[in-house]
Amino acid sequence: MKATGVFLLLSLALCFYQGNAGIDGAAEEGTEAACGNYDLGGGCTRIFDPVCGTDNKLYGNECLLCVHNRQRNTNVRIKNRGMCQNPSPRFAQK
C-alpha cells in the first residue's frame, strides 16, 4: 500500500515537472527577438543598438541577432538590451 502511494506521488511529480533544456541551453531565458520586424534577406541597418544574447555574446542590434539565429539555425534570445555583463570571448585564445 505504501509503495503504491509513493509510486503515485512520483508519477504526479513527473507529470508536473517541466524541464528547461533547450537547443542552445538557454531557450527559456530572455525575450524572444522580434525577427518578423526585419527583412533578414535584405540585410540589417548599421545602427548600433546593442543587445546581449542568451549565449552571452554581444550583437550590434536585434536584427543581427535574428540573422545569427537564421544562419546557424539556433534560438538565441535577448538576455538584455545593452552591453553584456560577462561577455563570452569571440575567439579562442592560444
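**Disulfides and burial in a predicted model**

Trainee: Why does C66 count as buried?

Mentor: The relative accessibility of C66 is 1%. Buried means under 20%, so C66 counts as buried. Please note that this is a predicted model, and the value is computed from it.

Trainee: What makes the link between C35 and C66 a disulfide?

Mentor: The sulfur atoms of C35 and C66 lie 2.1 Å apart. The cut-off is a pair of cysteine sulfur atoms within 2.5 Å, and therefore the pair qualifies as a disulfide. C35 lies in the loop between α1 (2-16) and β1 (51-53), while C66 lies in helix α2 (residues 62-72), so the link ties together parts that are 31 residues apart in sequence.

Trainee: How is C35 classed, as buried, partly exposed or exposed?

Mentor: C35 has a relative accessibility of 24%. Partly exposed is the range between under 20% and over 50%, so C35 counts as partly exposed.

Trainee: How do you know that C44 and C63 are joined by a disulfide?

Mentor: From sulfur to sulfur, C44 and C63 are 2.0 Å apart. That satisfies the requirement of within 2.5 Å, so the pair is a disulfide. C44 lies in the loop between α1 and β1 and C63 in helix α2, so this link ties together parts that are 19 residues apart in sequence.

Trainee: Why is C63 called buried, and why is C44 called partly exposed?

Mentor: C63 has a relative accessible area of 4%, which is under 20%, so the term buried applies to C63. C44 has a relative accessible area of 24%. That value is neither under 20% nor over 50%, so C44 is partly exposed.

Trainee: What makes C52 and C84 a disulfide?

Mentor: Their sulfur atoms are 2.1 Å apart, and the limit is within 2.5 Å, so C52 and C84 form a disulfide. C52 lies in strand β1 and C84 in the segment after β3 (78-81), so the pair ties together parts that are 32 residues apart in sequence. Both C52 and C84 are buried.

Trainee: Which hand does each link have: C35 and C66, C44 and C63, C52 and C84?

Mentor: The link of C35 and C66 is left-handed, with -90° about the S-S bond. The link of C44 and C63 is left-handed as well, with -75°. The link of C52 and C84 is right-handed, with 115°.

Trainee: How many disulfides does a search of the whole structure find, and what is the pairing in sequence order?

Mentor: The search finds 3 disulfides. With the bonded cysteines numbered in sequence order, the pairing is 1-5, 2-4, 3-6.

Trainee: Why does R77 count as buried?

Mentor: R77, in the loop between α2 and β3, has a relative accessibility of 16%. This value is under 20%, so R77 counts as buried.

Trainee: What makes the link between the side chains of R77 and E32 a polar contact?

Mentor: The side chains of R77 and E32 come to 2.8 Å. A polar contact needs N or O atoms within 3.5 Å, so the distance meets the cut-off. The side chain of R77 also reaches the backbone oxygen of E29, at 2.7 Å.

Trainee: Which pattern does the protein chain follow along the sequence?

Mentor: The pattern is α-β-β-α-β, made of 2 helices and 3 strands. Of the 94 residues of the protein chain, 24% count as buried.

Notes: Residues are numbered from 1 along each chain as its sequence is written. This is a predicted model: local features need pLDDT of at least 70, side-chain atom pairs count only at pLDDT 80 or more; totals for chains, interfaces and linings use all residues. Side-chain values use heavy atoms; hydrogens and water are left out. Helices (H or I, at least four residues) and strands (E, at least two) are DSSP runs, numbered from the N terminus. Buried means under 20% relative accessible area, exposed over 50%, partly exposed in between (1.4 Å probe, protein chains only). A polar contact is a pair of N or O atoms within 3.5 Å; within protein, one must be able to donate a hydrogen and the other to accept it, and residues adjacent in sequence count only if both atoms are side-chain atoms.
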